[in-house]
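This report describes selected features of one protein chain, from its strand pairing and metal site to its internal spaces. The sequence and the structure are shown first.

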Amino acid sequence: MSVRASASVVHTAAPRAHAITIDVEEWFHICGPIEAVACERWPSLRSRVVETTRLLLDDLDEAGARATFFIVGWVAERYPALVTDIVAAGHEVGSHGHLHRRVYELQPVTFRDDIRRSVAALTAAGAPDVRAFRAPEWSINDRSLWGLDILAAEGFSVDASMAPVKLVGSVSYPRAPHARSTASGSLLEVPPLVADRFGQVMPLGWGWGLRMSSPRRVLAALEAAHRAGMPGVLTVHPWEVDPDPPRVSLPLRLRFAHYFRLDGFRARLKTILRGGDFGAIGDLEAVRAADRA
Ligand SMILES: [Zn+2]
């Protein structure tokens, strides 16, 4: 058994089969030119992130699962006590950018400044050693591979931003953790869980794909991945378990991504958490092996 520095829980030193990740953001952190949720309006919109993240902390605690929390720097700046509590509960903290912007819409220097701001906010709130990154809307893809160079140069060792699906990434991306070499060193890329269905690749581990699937189906897919020697990585957002979710009018694709089948999701997620062997990304054998290398 080992105790993580500044953590209040004890967890086993054994690797976990799967990882659960939480992208800590407000319900209004929606990518794209949506006037109703534009950056300038954020301070005046109803904040729900603290209450809803606490629901997920409770559910993880109940299931005995550790998680990686990819936190938006803007959230860490406003609610540092939330970051402190996430760390104190023994979870891992990574960056989800500062202003939740798509990487491929930024210039390299703007992206670098954005991640620096997020790391500064997370560190000021008590997060130790932020070395994992998740891009908003899986926005490191063929249009923004330069982002990986910047992450490595900034001291990150893990990226979890490249989705092996067509809409936001590419079906050609590997489905298992793999090394990506950059001009500034190597990064371990940790992709989210996908599934083949009706001749398409669907996002089984996050978003509408996770919300529409029964816990039994998700657990079966995790088990199949494990048998094939791969971890399954799930991603949830605090706004997906909000009992009183605010809404704005969104274009069809975003409406589906954000609002489809939120009903009952928290209960289904609890069943999934109880049924699988979940840890943080750092608890995966592939990540530990890369750390040892
Ligand atoms: Zn996000």
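Two strands are taken to pair if DSSP finds at least two bridges between them. The model discussed here is predicted.

**Strand pairing**

Strand S7, residues 158-159, meets this condition with strand S9, residues 185-189: 2 bridges join S7 and S9, and the sense is parallel. One residue pair within this arrangement is Asp159 with its bridge partner Glu189 in S9. Strand S9 also pairs with strand S8, residues 178-182, here in the antiparallel sense and over 5 bridges. Ala179 has Leu188 of S9 as its bridge partner. The connection between S8 and S9 is a hairpin, with 2 residues between the strands. As a general point, the side chains of a regular strand alternate between the two faces of the sheet.

**The zinc site**

Which residues coordinate the zinc ion? The donors are Glu25 through OE, His96 through NE2 and His100 through NE2, at 2.0 to 2.1 Å. Their spacing in the sequence follows the pattern E-x70-H-x3-H. Glu25 and His100 thereby link distant parts of the chain, being 75 residues apart. Glu25 belongs to the loop between strand S3 (18-24) and helix H1 (49-63), whereas His100 belongs to the loop between strand S5 (92-95) and helix H4 (108-124). Are Glu25 and His100 buried or exposed? Both residues are buried.

**Helix H1 and the loop after it**

Thr52 is located in helix H1. Thr52 counts as buried because its relative accessibility is 2%, and the cut-off for a buried residue is under 20%. Leaving aside residues up to four places away in sequence, Thr52 touches Pro238, Trp239, Val241 and Asp242. Trp239 appears again in the lining of the largest cavity.

Gly64 lies in the loop between H1 and strand S4 (68-71). Its relative accessible area is 45%, so Gly64 is classed as partly exposed. Gly64 and Arg268 are 204 residues apart along the chain, and their C-alpha atoms are separated by 16 Å.

**Cavity and pocket**

Rolling a probe the size of a water molecule over the atoms shows where empty space is left. In this model the count comes to 1 cavity of 30 Å³ or more. The residues lining the largest cavity are Trp27, Trp239, Pro245, Pro246, His258, Tyr259 and Leu262.

The largest pocket is lined by 35 residues, and those nearest its centre are Leu167, Pro203, Trp206, Trp208 and Ala257. Strand S11 (200-202), helix H6 (207-212) and helix H8 (252-259) each supply at least two residues of this lining. Which element gives the largest share of the lining of the largest pocket? Helix H8 does, with 5 residues.

The table sets out the volumes and the classes of lining residues.

| Space | Volume | Lining by class |
|---|---|---|
| Largest cavity | about 60 Å³ | 6 nonpolar, 1 polar and no charged residues |
| Largest pocket | about 720 Å³ | 20 nonpolar, 7 polar and 8 charged residues |

The lining of the largest cavity thus has no charged residues, whereas 8 charged residues are found in the lining of the largest pocket.

Notes:
Residues numbered from 1 in each chain as written. Predicted model: local features only at pLDDT ≥ 70, side-chain atom pairs only at ≥ 80, totals over all residues. Heavy atoms only, no water. Helix = DSSP H or I, 4+ residues; strand = E, 2+ residues; numbered from the N terminus. Donors = N, O, S within 2.8 Å, 3.2 Å for Na, K, Ca; no water. Buried < 20%, exposed > 50% of the residue type's maximum accessible area, 1.4 Å probe, protein only. 1 Å grid on protein atoms, 1.4 Å probe; cavity = no way out; pocket = protein on both sides within 12 Å on 5 of 7 lines; lining within 4 Å. Points joined across faces, edges and corners; volume = space filled by probe spheres on them. Nonpolar A, V, L, I, M, F, W, Y, C, P; charged D, E, K, R; others polar. Contact = heavy atoms within 4.5 Å.
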